[in-house]
Amino acid sequence: MREKWATIVVVGAVGLGLLMYLVVYSVRVSEIAVHKRFGKVIQVVRPMVGPEQDTGDAQASAPTGVTVVPEAGWFFKLPWPFDTVEKYDQRIRLVDGRLAQIQLADEYQLIPRVYATWQITDPVAFEKSLEGDVGFAEKGLKDIIGNQTAEVFGSCHLQDVVNTDREKLQFHRIEERIFEGVKASLTDSDQAYGIEVSSLGITWVALPQGTTQAVFDRMSVERARLAEKHRAEGESDKETQIARAEAARSKTLAEAEADAKKIRAEAETEAAQYYATFAQAPNLAIFLRELEALKKITENAAESKEPITFVLTTEGSPWRVLKGDALEEGASPEPLEDVSSAVGVVESAEGE
Amino acid sequence: MMGDHEKHPEGDPEYLPVPQGDAPGASAGGPEPEEAGTKALGDALKTSFRFLKICMMASVVIYLLSGVFWVKSPQLKFKMRFGEVVPAMSILPFRPGRKDKVLKPETGVYIRWPWEEVVVLHTDEQTLDLEKEFWPRTREGTAAAGTGLNVRTDGYLISGDANIVHMKLRARYRVRQDPLSALSYKLRVVDAELILRRALAAATCEVVSSMEVMRVIQRENLFERIDAALRRRLAEFESNAGCPLGLTSSVWKPSRWRT
């Protein structure tokens, strides 16, 4: 009995799976499906993602009398041959236009390359007019883009396509005109294509091969002229700079010379005053200068935190006791003299 | 009868050999051969069925376990049931506005084909190089050759003062992590990178066509302007298509340029 139930469950599951396969179909978010009964469209499944899902765009773009389901998932159908379901990829895809040489209104020749993004929005019309063939649709779209590009560029001047004045540049406007033209061609024609263009742009504007060489030649001449101009400007600038530097140098030298004379005169005046004072007591002046020098030496040593080493003669008091023959001579040590006396001795010794 | 059989050799046309199993008294003293064979066959079948049952159960377990998935940090994953996006651990279908549209880094389970599938998105930064669009096929394909540029093979840009400039450009991009953009990138666009490439080329062409060649060479606000033009184009795409491209991008300086 247990085996029988297992068999029943397995057979039932297989049967149910087969039945589901016959009467159920699923539509992915990326797909769009047409549900037909005896060849007549009864339902379109067009899943949407995002804000468009709530706006009712799907129903608005649907053929009359056809229910549009804006959600992905699984749906019931009658088994073949009653019902059939056709699915298409509704994702946005890209198509590149053909390269074609176009004559502008001012007789210049340009070769623009245009791209567009498009998607299937009405699977019924897509099936009817383009046989549900994406390749066929792209071919037709390329023709439409090519025609619109030629028409729009044919009414433009080169200055509209390339221009350093942004106010006069019509590059984006040209793109918009082609885009509008392509959209109009897809919707205004007698037979709807069921596809929609969502963006369009010019990825490249090329020149005929011979023209590029002419441009190169012109650029070469322009560059040479520009280089010559810069060179001349450089030379002129160089002369100006040299003259300016010379003038500045002369001025600076003259000012320095005047300053030197003035300082020298002031110094001489000041020196004359010192000389007059020195002349009154020369030894005192020298003594004061030496005191000043000693003070500066000790200050410098204190600042640099270095010890001062004095080298003194043993001929003077009291350092003569350091000599070996001091006692032999019976000389009694002389009383210590004050600094001024010692300096006086040194000075007199130096004088000798 | 037995006696007749013994009397008539095999050459006798009426002689019919009796099968040993059918011979009366053949099973005497042990199990009958038929029962033993049936029993052996039954045992073999039971073993086979047991083995088959174990294999099937193992297959079911492997099938179910293989539906466990992890969402690593630089990834986004969507679980789809019959083509519709559903939350990771819920049986309810996805509806706009729900916070669990995009699966966070976590563990989830799904029942493999034909019921459910998991779509993986890599959100780490990637680069897009415009290598050939505005660059000559060979270095000789320039003014030096004296033959001009072939529109089929050599790329270049025309500046606002009608000069020719070659350029290579690089953009960085990554998949946006907001649910709508991520869904759109994966499920609403066939090749988002290709569209981004074309939009970048168009933005570059537009910007360079408004600049003097020397300004292009000196890169005066060049990348900022290309970046702005690219953003404007992507915004226009989003507005017209009703869904975002799902990518965020920024333009790098050109690796090489030449006039």
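This briefing looks at one helix of chain A, at the strands around it, and at chain B as a whole. The structure is a predicted model, and its overall scores are ipTM 0.72 and pTM 0.69. In chain A, helix α4, made of residues 123-130, is mostly covered, and β2(A) is likewise described as mostly covered. Chain B averages a pLDDT of 77, but some of its stretches score below 50 and call for caution.

**Helix α4 of chain A**

- Seven of the eight residues of α4(A) are buried, namely Pro123(A), Val124(A), Ala125(A), Phe126(A), Glu127(A), Ser129(A) and Leu130(A).
- These buried residues pack against several elements of chain A, including the strands β2 (31-37), β3 (40-45) and β6 (83-89), as well as the helix α5 (134-154).
- The packing partners of the buried residues also include β9 (109-120) and β10 (195-206) of chain A.
- At the N-terminal end, α4(A) is capped by Asp122(A), which has a side-chain oxygen 3.1 Å from the backbone nitrogen of Val124(A).
- After α4(A) comes Glu131(A), and the phi of Glu131(A) is positive, near 60°.

**Strands β2, β3, β4 and β6 of chain A**

- Of the seven residues of β2(A), five are buried, and this strand is among the elements that the buried residues of α4(A) pack against.
- β2(A) and β3(A) run antiparallel and are joined by five bridges, including one that pairs Arg37(A) with Lys40(A) and one that pairs His35(A) with Gln43(A).
- The hairpin formed by β2(A) and β3(A) has two residues between the strands, and in this hairpin Phe38(A) takes a positive phi near 50°.
- β2(A) is also joined to β6(A), by seven bridges and again in an antiparallel arrangement, with Ile32(A) standing opposite Tyr88(A) of β6(A).
- β3(A) is joined to β4(A), the strand of residues 67-69, by three bridges, and these two strands run parallel; here the bridge partner of Val45(A) is Val69(A).

**Chain B: overall make-up**

- Chain B contains six helices and 11 strands, and 40% of its 259 residues count as buried.
- When contacts in chain B with a separation of 6 or more are considered, 69% of them are between residues 24 or more positions apart.
- The area that chain B exposes is about 14,700 Å², of which carbon and sulfur atoms supply 58%.

**Chain B: confidence of the prediction**

- In chain B, 74% of the residues score a pLDDT of at least 70.
- Among the elements of chain B, the lowest mean pLDDT, 43, belongs to helix α1 (residues 2-7), whereas the highest, 94, belongs to helix α4 (residues 192-208).
- Over residues 1-16 of chain B the pLDDT stays under 50, and the model has six contacts for this stretch beyond four places in sequence.
- Residues 93-100 of chain B also have a pLDDT below 50, and this stretch has 20 contacts in the model beyond near neighbours in sequence.
- Where pLDDT is low, the predicted coordinates should not be read in detail.

Key:
Residues numbered from 1 in each chain as written. Chains lettered and ligands numbered in written order. Predicted model: local features only at pLDDT ≥ 70, side-chain atom pairs only at ≥ 80, totals over all residues. Heavy atoms only, no water. Buried < 20%, exposed > 50% of the residue type's maximum accessible area, 1.4 Å probe, protein only. Helix = DSSP H or I, 4+ residues; strand = E, 2+ residues; numbered from the N terminus. Contact = heavy atoms within 4.5 Å. Polar contact = N/O pair within 3.5 Å; in protein donor to acceptor, adjacent residues only side chain to side chain. pLDDT = per-residue confidence, 0-100. Areas by Shrake-Rupley, 256 points an atom, 1.4 Å probe, with all protein chains shown as cover. Pairing = 2+ DSSP bridges.
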